[in-house]
Amino acid sequence: RMSAFWRGTMAVSIKSAREIELMREAGKRLAHVHQELEAMIAPGISTWEIDAKGEKLIRDCGCIPNFLHYNGYPASICVSVNDEVVHGIPNKHRILQEGDIVSLDAGVIYKGYHSDAARTYGVGTIDSESVQLIEVTKQSFFEGLAQCRAGNHINDISKAVFGYVTKRGYSAVRDLVGHGVGAHLHEEPNVPNYPKLFKGPKLKPGMVIAIEPMINIGSYQVGWLNDDWTVVTMDGSRSAHYENTVLITEGDPEILSRAEGLEL
Ligand code: MF3
Ligand code: CO
């Protein structure tokens with residue numbers, strides 16, 4: 001979601017056992033959607049076809065696509081190619097080419113509860129620079145995840161993601177951030193991918209957050225295309241995105257949008 005200042009006084013919701021069970025189910029179904037979509041990625045398919053299949057998969061598993069019509073967004077899946085960071089709008093004329101990288105961001109609502117996850121894939125054979133970008137972006141999520149312990153603060157996640165990618169020469173997008181998830185797609189708190197002066201809310205068992213590093217090869221700066229949605233890197237460098245919906249527990253965090261055996 002769009003970045004905003006900390007609103008430290010706003011409460012971060014704590015999910016009940018029943019809500020957590022529904023969010024597990026939402027996440028499991030979303031993981032399945034991603035797994036099916038990954039199998040489609042190949043040179044020659046349009047970003048529109050990915051969205052059409054994605055919407056069908058979401059509805060067929062008893063969910064509602066939460067991105068569709070969200071603030072006027074016209075599709076169910078955000079499909080962002082190469083220098084597009086996030087929120088790419090699917091288009092019949094946008095055909096994936098060998099060597100492209102493509103990020104798929106998808107979300108579902110199951111019995112009133114949301115889940116949100118994104119993956120970035122190579123189309124056919126991609127250059128080693130792109131392979132590394134995708135891997136560093138995914139690993140930065142896991143660095144953030146390792147900080148998801150009750151008693152830590154949101155800023156610990158932000159610092160871990162930022163530190164990991166910066167050390168390797170990549171940059172973390174600042175104008176968009178992760179977020180709380182629950183009965184709404186976007187809840188408190190913001191989960192930035194760069195450190196802040198304030199440590200942010202303290203993590204407590206029952207909080208659910210989407211951690212979503214958006215990582216560029218070049219500068220962190222991004223701009224918006226005239227379609228009012230597509231976010232692109234200002235320098236034209238490639239960008240990758242990896243996101244999961246994560247439950248804070250008494251112990252290890254639980255990735256809700258990454259079902260057992262589905263190792264994307
Ligand atoms: N994961 C994206 C986000 O948190 C989902 C955007 S939904 C859209 O911002 F509908 F706005 F595209
Ligand atoms: Co999100």
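Strands here are DSSP runs of E of at least two residues, numbered from the N terminus. In this predicted model, one such run is β8, which covers residues 187-191 and includes P189. The peptide bond leading from E188 into P189 is cis, and its omega is near -5°. Most peptide bonds are trans.

A second backbone feature is found at N71. This residue sits in the loop that runs between β1 (64-65) and β2 (77-81). The phi angle of N71 is near 50°, a positive value in a residue that is not glycine. Most residues other than glycine have a negative phi.

The remaining description concerns the ligand and its surroundings. The space that ligand 1 takes up is the largest pocket of the model. That pocket holds about 360 Å³ of space. Its lining is made up of 22 residues, and those closest to the pocket centre are R1, Y70, H87, H186 and W229. Sorted by class, the lining of the largest pocket comprises twelve nonpolar, four polar and six charged residues.

Which residues are the closest to ligand 1? They are R1, D105, H179, H186 and E212, from a total of 13 residues that surround the ligand. By class, this shell contains five nonpolar, three polar and five charged residues. R1 and H186 are thus named both among the residues closest to the ligand and among those closest to the centre of the largest pocket.

Individual polar contacts can be followed from the side chains to the ligand. In H186, an N or O atom of the side chain is 2.9 Å from an oxygen atom of ligand 1. H87, one of the residues closest to the pocket centre, places a polar side-chain atom 3.3 Å from an oxygen atom of ligand 1. For D116, the partner is a nitrogen atom of ligand 1, which is 3.1 Å from an N or O atom in the D116 side chain. How much of the area of ligand 1 does the protein bury? Taken alone, ligand 1 exposes 340 Å², and the protein buries 98% of that area.

Conventions: Residues are numbered from 1 along each chain as its sequence is written. Chains are lettered from A and ligands numbered from 1 in the order in which they are written. This is a predicted model: local features need pLDDT of at least 70, side-chain atom pairs count only at pLDDT 80 or more; totals for chains, interfaces and linings use all residues. Side-chain values use heavy atoms; hydrogens and water are left out. A residue is near a molecule or strand if one of its heavy atoms lies within 4 Å of it. A polar contact is a pair of N or O atoms within 3.5 Å; within protein, one must be able to donate a hydrogen and the other to accept it, and residues adjacent in sequence count only if both atoms are side-chain atoms. Accessible areas come from the Shrake-Rupley method with a 1.4 Å probe; for residues, only the protein chains shown count as cover. On a 1 Å grid over the protein atoms alone, a cavity is a set of points where a 1.4 Å probe fits but cannot get out, and a pocket is an open set with protein on both sides within 12 Å along at least five of seven lines; lining residues have an atom within 4 Å of a point. A molecule sits in a cavity or pocket if more than half of its atoms lie within 2 Å of its grid points. Ala, Val, Leu, Ile, Met, Phe, Trp, Tyr, Cys and Pro count as nonpolar, Asp, Glu, Lys and Arg as charged, and the others, Gly among them, as polar. Grid points are joined across faces, edges and corners, and a volume is the space filled by probe spheres set on the points. Helices (H or I, at least four residues) and strands (E, at least two) are DSSP runs, numbered from the N terminus.
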